[in-house]
Amino acid sequence: EMTSSVSKGCFVFKPSAKKRRKTPTVEDYFTRGCEDTENSKLRFRNCQTLWEKMNADTELLQDELNRKILDSLLAFIRKSVSTFQRGTDDWVSRMRAHEIPTAALVLGVNVPDHDMTFQCLSDQLQQSVTPFVVSVQATECAGQSSLNHMLQRVLERLMGTSVSVDNEEEPEQCSTNVNQKRVHCSLITLCNWYKTVTKVCSYCKEVRTIMMLLCTTVKCIDVDLTISASKLRAFVITNHLPLMFVFGIATSPSTIQHMLPHSVSSLLGIELFQSLSCTQHLASVIDKVILTSQFPFKPNGKVLQVLVSIFLYHDFSVRNFIKGLQLALLEHFHSQPLSVLCCKKEAALVHATELSHRDVERLQQLPSFMRYVEEQGPQEQVELLTSVDHVKEVCQKLLKDLCKYHKNYYTTLRCLHILTASLPKYPLGKQIRELHISCLEKNVWENDEYACAMQLLRMMAKDELTSALQKCAEILKSGKTKKMRAALLQLDNLLSKFDQPDLVENAAGEDLTSPGEGLQKKTDLFQLQKTLLEMKKSRRTKKMSQFEILRDQALEFIDSLVRSHLAPPESQPLYEVCYYSSSAVLRRHLNATPRTSIQTALSNPYHYLKVNYLRAEDGTVSNAAPDICIVYKLHLECGRLINLYDWLEAYATVVSAAEGKDPDSVDFGKVDELKHARFIQAVSELEFLGFIKSTKQKTDHVSRLTWGGC
């Protein structure tokens, strides 16, 4: 009534600030669907803090690993800059002056990590060598795009302005940016821009010196060799511009000769640079993030095996490995309510005293805690099952023991790896991650490979064994527990005995009777067999040398260390707090299986859509499902050849039932045109997905491609 008026008008009612829809945050998405909403916000903060620390450490590690190769690249570029400035004095310099300095950087096949490496290189070049750096990716210049498009990318990034390409934009689009300066895309524009920049630097001698250092190299163009040679040739033959190239190569430097014609490659002065292999990079990341007691979160053996398998058999990408580890971390904190204790030891002890009654019940239901209760006395069992305060006290003690276990475990793991990594055929694995996965699965000393490794260690010479034991002593020095310090004292005592000057490796056994002695006189067969057995026994019981005694003592020390500290984490109470074990969930998210995913979506659309009316039992599909799901289900009931008319009738029957019509009253000779069109579209989609194909045997039939298979 307040808005009624004789005249017509438009009334605007602005919504109040309270009624505005709140944009959901990352925390809202995390807490939504959590099993326990009471401590979900605390778990999210713990997860976020832990990941920020892990991510910062991995980025710092990647910078350190790339520093060596980037420093050598910068040295090569600075050397080329100085060559430009000094001019050509000798014959070699004059010959090199006609070549474009080119760095061939072998990066390996870990394609997803190349962008990060080139971005880091471009940043360092802009900071220390020249601001005129252009990075051109293969995706920007692939296919049938003309040279003008590649020039457009280069000019836009050099000049910081819009570059127009002939017939690229409509007049209407061009008119919208009248106030913005635009230049024409051509090599002449590139040369004129360079001359303009060098003239600007001539006003001041000091500025000219600095800018000449930057401008004489002018453009360092990082390109992927998948860019066609015809597009790269235009830059190469433009030799009156001081260009430099950095080529990213995946496999072999010979790729340059294969992809570029001789007329182009002969103008390049190529120098090879080898980056760190992706497997070495992965080993460093695992050592920094997983094989350390600094971070409480740990993937179990199966989860780590999934991440490593995806790395080795799919992409060789360390970035994707880290993203998979992040997903495991997020899933662990989202699905495990007791992950509130997965944090630093001091904070975990505080959270243990603040556990709710529901959390205490979850704690008591953990399999590892139940095993711990069974190992206690009757009175202690009653206390652990009835007293909440006593459970919290024991929880604090078990968390401390878990921290000590991790410190002892990783120190012992490194010692065992040092001893066995150089053995023939690597019985316990060449990489420490292989040994770590074996230790996570079961007791490593029960494996046949462990017994084989111990046998090979007994064959080591004195120098090799003492060198390996000294490396173990260095590792034990980093151990910060009492047991590791005690083990270090014991190992130092053994090493001091190895340094004795009178120690010899050869056996100093007692003199044995000569083989022919005692067999001179004639004897029967029984006596001869008895004599030979005594001689064999005497050889076995010969006196051991001092080196052999010390060697056995050292191996017994290593064996006792392994049996004491390399038990699987499942043997530790409350290991579920820190270890993520849902490898199937992780594999489903990371390891793409398109065929399986498509079949799951078609046979059970509720699995992905989560709509209640699509829920069905006994493997059936709801008649309200999407058309392609209905068509897919019906085609499974057919033979190798499917009659399209019968298929259409069955589809119309199902859809009519979904619309509430009586299927018996449907006139199949006059199927609704809309249903007919929907059916044709669903069949076309099914053919596109590769489940059926047209056949020449019968014109009104299609053939199943999955006949006799999945």
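This report looks at the protein as a whole, then at one helix and one residue.

**The whole protein**

The model is predicted. The protein holds 31 helices and twelve strands. Of its 710 residues, 41% count as buried. Its accessible surface comes to about 40,500 Å². Carbon and sulfur atoms account for 53% of that surface. Now take the contacts in the protein with a separation of 6 or more: 73% of them join residues 24 or more positions apart.

**Helix H23**

Helix H23 has 17 residues and runs from 482 to 498. From first C-alpha to last, H23 reaches 25 Å, close to the 24 Å expected at 1.5 Å a residue. The buried residues of H23 are Met-484, Ala-487, Leu-488, Leu-491, Leu-494, Leu-495 and Phe-498. They cover an arc of only 130 degrees around the axis, so they sit on the same side of H23. The face turned away from that buried side carries the exposed residues Lys-482 and Leu-489.

What covers the buried side? Three helices are included in the cover of the buried residues of H23:

| Covering helix | Residues |
|---|---|
| H19 | 388-420 |
| H22 | 462-477 |
| H25 | 546-565 |

**Residue Ser-703**

Ser-703 lies in strand E12, which spans residues 701-704. Is Ser-703 buried or exposed? Ser-703 has a relative accessible area of 9%. Buried means under 20%, so Ser-703 is buried. Leaving aside neighbours within four places in sequence, Ser-703 is in contact with Arg-640, Leu-641, Phe-691, Ile-692, Lys-693 and Thr-695.

Terms used: Residues numbered from 1 in each chain as written. Predicted model: local features only at pLDDT ≥ 70, side-chain atom pairs only at ≥ 80, totals over all residues. Heavy atoms only, no water. Helix = DSSP H or I, 4+ residues; strand = E, 2+ residues; numbered from the N terminus. Buried < 20%, exposed > 50% of the residue type's maximum accessible area, 1.4 Å probe, protein only. Contact = heavy atoms within 4.5 Å. Areas by Shrake-Rupley, 256 points an atom, 1.4 Å probe, with all protein chains shown as cover. Expected span 1.5 Å × (residues − 1). Arc of directions from axis to C-beta.
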